[in-house]
Amino acid sequence: MRINNTFFNSLVAFRLMFWQKQVITAIAIYGATYISQLFITYAGTASSPIWIPTGVAVGFLSIWGYPVWPGMLGGLLLGEAMALHALESTANLMLTVAVTGVVGLVNLFSVYLSDRLTADNYLFSKIKNIIRFIIFVCFGSRLPAAIICSLLLYSFDKIPFNLYSEVAYTWLLSDAFALLIITPFIIACNHNFKSFIKLLQEQWLEAISIVFCVLLIVKIIANGYPIEYLLIPFLLWSAFRFTEVGSSLLTIVVSALLVLILALDQEKIAIKNQLLLLQSILACISMTTLILNAVLSENERSKNQLFTTNQILIEQNQKLQELYQQRELERAQREKILIEYNESLQKQVDLVKAKEIAESEAKAKSTFVANMSHELRSPLNAIIGFSQLMLRTQNLPMEQYENAGIIQRSGEYLLNLINNILDFSKIEAGKTHLNRYHFDLYLLLDDLEDMLHLKAANEGIELIFIRDQDLPRYVYGDEIKLRQILLNLLSNAIKFTVAGEVVLTSNFRNVEQGELIDEETETEPKSKYWLDFTIKDTGKGISEVELSHLFEAFSQTESGRNAQEGTGLGLAITRQFIKLMGGEITVSSVVDQGTTFSFSILVDLGEITLSREPNSAKKVLALTPGQPVYKILVVDDKSVNRQLLIKLLAPFGFEIKEASNGREAIALWESWEPHLIFMDMRMPVMDGYEATKHIKGQVKGNATAVVALTASVLEEEKAIVLSAGCDDFLRKPFRENTIFDALTKHLGVTYVYESAPDKNDGQGDTALKPESLLIMSQDWLTQLSHYLLEADTEQVMKLIAEIPASESELEQNLTKLVRKFEFEKILDLIEPLS
């Protein structure tokens with residue numbers, strides 16, 4: 001019953017089949033019918049020496065499955081209509097439909113029987129598969145079609161009763177030979193066509209020789225010499241040299257030529273007399289070819305097994321010889337060997353113990369670091385989160401804004417230190433892996449430039465990004481690690497440069513032939529490319545003595561120690577990340593002149609990706625009007641984390657409730673039915689995993705989005721959380737835009753954003769007006785005009801740095817114009833004020 005259900009379910013699944021396959025099947029069967037009807041033995045009966053549509057139909061059903069049956073029936077109907085002249089009368093039309101139905105059902109039965117007899121294995125994999133295919137599928141399964149269709153022809157007065165047996169016999173053989181010749185070729189092409197083409201390209205001269213000999217023999221046969229069986233050696237030759245695809249193709253060619261010779265015989269009586277001989281020849285050729293291919297396939301498999309067994313025996317023999325030599329040596333020097341063995345054994349025991357202790361300590365350290373990171377992230381979530389809330393507060397005294405900004409920056413700095421320690425711990429434990437995906441390299445560089453250029457301007461230095469004109473926009477690699485590498489190197493360059501400039505140069509080149517590719521890159525060199533980056537500064541420089549220890553963990557230069565900042569892990573992590581990405585980093589430096597870091601990483605060309613929304617970096621002011629009131633459930637065992645989300649979202653009109661554990665969350669979800677749940681995963685009573693599984697296990701649970709909000713830093717934690725049923729995964733501490741983006745992603749919430757100049761398209765300077773400069777003194781304007789006329793960028797940037805912090809937009813716009821060397825625009829702004 002299960003088999004029948006599977007068979008009928010596959011028939012019903014035709015809607016899932018690509019329509020192109022249905023059309024191809026129908027056209028192929030119709031075309032085959034057109035060819036076959038040219039050689040019809042009995043007019044108006046659709047009977048010929050080889051009825052090609054049967055082989056084509058069963059072949060396509062075998063490779064594409066039962067769902068292609070509509071295309072098969074369509075092709076059969078059109079073909080039979082042509083062969084039986086269906087449009088000439090109603091009787092012919094009824095006969096066409098009846099024959100089509102019978103042949104279609106028998107075709108399905110043939111494929112089903114073939115699948116069952118071969119246990120869904122490749123047809124040529126075993127001799128018994130071929131034998132069963134020949135006896136039961138080619139001949140046995142076609143009996144119903146031959147009997148019923150011949151009876152239909154007799155019933156509709158297409159043949160006299162005395163020809164019934166002859167037509168039925170011819171029908172059976174024509175179907176059987178089509179299955180013997182056409183179907184194996186289609187199956188073989190689907191399985192092994194690429195290997196055949198490769199062999200054909202390598203041995204084309206041999207292939208031409210075979211074809212030439214076959215054509216020569218056919219020509220002799222056409223002249224009346226009965227030497228048909230001389231074709232068999234060449235079929236065997238093709239089977240040995242060109243796999244089952246080549247021999248099947250040659251069988252088709254030979255069969256077509258023999259049928260054509262028969263068709264060219266103008267004496268109808270002679271055709272009838274030679275038909276049986278032709279069909280017997282075709283049967284002999286096709287069955288010999290099929291069985292030979294199966295024998296070759298089994299022999300190849302046996303050869304491989306024999307080779308493997310032989311290799312094992314050789315290895316075992318070698319081991320036995322080594323063991324024998326060892327025993328002989330032991331016999332000659334028994335006492336000495338026993339002593340050495342005991343000493344060696346003791347050393348191994350000590351090494352194993354030391355290894356176990358080291359692994360245990362490393363595991364304990366990793367667990368400790370992860371747990372400490374989790375415990376530190378929870379209060380950091382409150383520190384950074386509430387500082388963001390304070391910065392959102394309107395009409396707060398400037399001193400309080402500055403205090404909140406200091407708290408937020410300090411929290412971000414502490415979070416960065418924690419992440420560095422955690423990254424280093426992962427590197428030590430060998431658990432760091434690449435997370436590759438397609439990303440926008442231009443957007444990454446623009447983000448870094450926007451992030452750092454104000455910091456550089458405030459330090460009185462110029463930040464310059466130079467891109468190679470061939471630099472691809474979209475690449476495939478680990479964007480997060482590349483961002484961390486560049487941010488670390490650029491931040492260090494800005495930190496230790498007092499005056500001058502920091503220049504990032506980006507280049508792109510092909511991987512040269514012969515260059516070694518790390519196994520972690522996973523692809524061949526021909527599809528890989530190098531991204532080359534150079535960060536050059538005019539800072540304090542690094543001495544030769546310090547350069548040799550620069551990339552060691554916890555190592556700092558004299559400048560770093562004087563600054564009393566950092567952990568000394570940044571460059572060590574950077575180097576490990578670059579190695580993981582298939583590259584290497586180098587450094588050169590001259591004291592008091594500057595330092596240059598250069599590194600390369602391996603990437604693939606990427607696919608076009610959707611850039612991040614420009615609003616994602618803007619401040620959210622309110623919800624756009626006309627939206628429904630969304631119900632949000634906040635689940636966390638710590639009250640401060642719940643209050644943070646409530647205070648962030650409540651002013652925007654969200655309806656919010658809270659729960660301290662999974663059990664309370666389930667109760668509120670069942671009674672209140674929120675649209676979205678922010679779910680902490682570690683909680684007492686019932687954790688977030690169990691609560692999520694319960695909610696998603698209910699039918700109405702699919703209507704509620706569950707977003708995991710956890711302080712865990714383990715990568716494997718994300719997969720566990722998503723497998724529990726969560727729709728998304730966010731880490732603490734989070735930024736406010738992360739929460740807003742999650743609501744947009746899962747509920748479609750839209751916002752009103754704070755207006756800001758567009759930094760991407762260079763339109764930010766349009767907000768500048770002469771009145772914007774009135775806050776600065778006349779002396780400042782005079783100096784600025786003077787230095788602009790002299791194109792003294794360094795002095796201009798120093799003057800811009802004197803702009804009060806409250807006028808950050810003015811500072812940004814002027815800095816951007818200076819970086820583009822658009823001095824005339826600034827002079828135009830100053831002129832009305834002079």
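The following paragraphs lead through selected helices and strands of this structure, which is a predicted model.

The account begins with helix α2, which covers residues 19–36. Trp-19 belongs to this helix. With a relative accessibility of 59%, Trp-19 counts as exposed, because the cut-off for that class is over 50%. Trp-19 also takes part in a nonpolar surface patch, together with Val-23 and Ile-27. The area of this patch is about 340 Å². On the spacing of such positions, a general rule is useful: an α-helix has 3.6 residues a turn, so residues three or four places apart point the same way.

Helix α5 comes next, spanning residues 90–117. Its length can be checked against expectation: with 28 residues at 1.5 Å a residue, α5 should span 40 Å, and the C-alpha atoms at its ends are indeed 40 Å apart, so the two values agree. The expected figure rests on 1.5 Å times one less than the number of residues. Within α5 lies Ser-114, which has a relative accessibility of 11% and therefore counts as buried; the limit for that class is under 20%. When residues up to four places away in sequence are not counted, Ser-114 touches Phe-133 and Val-137. Just after α5, the backbone at Ala-119 adopts a positive phi of about 55°.

The remaining part of the account concerns strands, with β4 (residues 500–510) as the point of reference. Strand β2, made of residues 461–467, pairs with β4 in the parallel sense through 7 bridges. Within this pairing, Leu-463 has Val-502 of β4 as its bridge partner. Strand β4 is also joined to strand β5 (residues 529–537), in this case by 9 bridges and in an antiparallel arrangement. Here Arg-509 stands opposite Trp-530 of β5.

Thr-505 offers a closer view of β4, the strand in which it is placed. Is this residue buried or exposed, or does it fall in between? Its relative accessibility is 21%, so Thr-505 counts as partly exposed; buried would require a value under 20%. Leaving aside neighbours within four places in sequence, Thr-505 is in contact with Ile-466, Asp-532, Phe-533 and Thr-534. Ile-466 falls within the residue range of β2, whereas Asp-532, Phe-533 and Thr-534 fall within that of β5. Thr-505 and Ile-535 are separated by 30 residues in sequence, yet their C-alpha atoms are 6.6 Å apart in space. As a general principle, the side chains in a regular strand alternate between the two faces of the sheet.

Conventions
Residues are numbered from 1 along each chain as its sequence is written. This is a predicted model: local features need pLDDT of at least 70, side-chain atom pairs count only at pLDDT 80 or more; totals for chains, interfaces and linings use all residues. Side-chain values use heavy atoms; hydrogens and water are left out. Patches are made of residues with over 30% relative accessible area and no salt bridge: like charges are joined within 9 Å, nonpolar side chains (Val, Leu, Ile, Met, Phe, Trp, Tyr) within 5 Å. Accessible areas come from the Shrake-Rupley method with a 1.4 Å probe; for residues, only the protein chains shown count as cover. A salt bridge is a side-chain nitrogen of Lys or Arg within 4 Å of a carboxyl oxygen of Asp or Glu. Helices (H or I, at least four residues) and strands (E, at least two) are DSSP runs, numbered from the N terminus. Buried means under 20% relative accessible area, exposed over 50%, partly exposed in between (1.4 Å probe, protein chains only). Contact means heavy atoms within 4.5 Å. Two strands pair if DSSP finds at least two bridges between them.
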